[in-house]
Amino acid sequence: MTNPTEYRQRREQLMAKIGSGTAIFRSAPTAVMHNDVEYAYRQDSDFFYLTGFNEAAAVAVLAPHHEEHKFVLFVQPKDLEKETWHGYRAGVEGAKELYGADEAFPIAELAEKLPKYLEKADRIYYHFGRDRSFDQTVLNHWQRLMATYPKRGTGPTAIEDSNIILHPMRLVKSETELALMRKAANISVAAHNRAQEFAKPGRYEYEIQAEIEHTFGLNGCTPAYPSIVASGYNSCVLHYIENNRQMQENDLLLIDAGCACDYYNADITRTFPVSGKFTAEQQIIYDLVLQAQLQAISQVYPGNPYSKIHETAVRVLVEGLMDLKLLVGDIEEIIKEEKYKPFYMHRTGHWLGLDVHDVGVYQYGENPQVLQAGQVLTVEPGIYISPYIKPVEGQPEVPEKWRGIGVRIEDDVLVTLESQEVLTAGVPK
């Protein structure tokens, strides 16, 4: 668990931004795997970021204008019978003692108690869309307060999306967060290195997956997302997760896997020859993707537009594909009209943190996000030449020798005060 001081500082920072408003955050629901079997519980990232509280059926309220209770938690009360089946609860007292709430109530008292934290607020900060039932609860409270506004002259006259204020905070990581992300990166590095040692022709993709996730588990972490272990033609499927093919001589193996440690994630992709040596065509495509990645990483530094990372990777890839006669024509037209997309159909990265595809804006209208120290992002160009590839109009047919080659290389990169730090550099490429 992160130091309680860190969560308090985050709440104080948010409350300073909302002024006379009240912010409401709902915990994540439990999710059913099948029948009455539930998935392992994973708290909503915004809720966890502000509270560190890891139980379902909870609501957090931040009311900086309230004289006594600026941070309030509504939680499941202690219940010995239910805890025997489903695990221990912090309860109302634990919410105050362990998580720093100024006041706490049983979740059943939400309807009764919530209005007193809203009636003097000038607006409500809440994000709609994650829980329809609770969305309606918030709307009902707001409508009731608006109905009595003429008599009191106080109350929230607007609802504003909390994401607009909270997510820029989450985008820049603290030293505590970076320590957890380095831990996740280091364990993921060890897992990838183990996979490269273990992989050989005749083994199945799921055997490699087992080695990777075994390394995660030995270090107290879990998969950050379903591990992609894609050999042969499967490397051309971006989100391949069946992992059931037997690897053959001359196969490429694309592994996209990372672990989550205390909610913070790593995300690494490497592609390598199962037999230990590339074919000539595989080597050419691999080197092209590697050059695109290295040049894209060089664009990660404070003050540079986020969009330069993708633009740089695309230009390197297009130039290389033109040299191979897989694309023909004017390079500027190819880039502008995205004629490269049969080979490279995704962006070059994403924010990384509490979520694998972490929160944060990439572009404000026509203006891209400007990189700043403390942001963490992935840089992951690729080329995927599907055996069934169909070029766009005016482009050549792809010779058979290139078909079935899929390469992606991905690292996690921290924007530092002066340039960048590749957190996952420990996996060879």
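The following questions and answers look at two sheets in a predicted model.

Residues are numbered from 1 along each chain as its sequence is written, and side-chain values use heavy atoms without hydrogens or water. Because the model is predicted, local features need pLDDT of at least 70 and side-chain atom pairs count only at pLDDT 80 or more, while totals for chains, interfaces and linings use all residues.

Colleague: Which strands stand at the edges of the open sheet of 6 strands?

Modeller: Strands here are DSSP runs of E with at least two residues, helices are runs of H or I with at least four, and both are numbered from the N terminus. Two strands pair if DSSP finds at least two bridges between them, and the order in this sheet is S6-S5-S4-S1-S7-S8, with mixed pairing. One side is left without a neighbour in the sheet where a strand has a single partner strand, so the edge strands are S6 (103-106) and S8 (159-160).

Colleague: What angle does the direction of helix H1 make with that of S4?

Modeller: Helix H1 (residues 4-18) packs on this sheet and touches S1, S4, S5 and S7, contact meaning heavy atoms within 4.5 Å. Axes are lines fitted to C-alpha atoms, for helices over the stretch in contact, and angles between N-to-C directions run from 0 to 180 degrees. For H1 and S4 the value is about 55°.

Colleague: Which residue in S13 is the bridge partner of Cys 261?

Modeller: The open sheet of 3 strands has the order S9-S12-S13, with antiparallel pairing. Strand S12 (residues 259-261) is joined to S13 by 2 bridges, and the partner of Cys 261 is Tyr 264.
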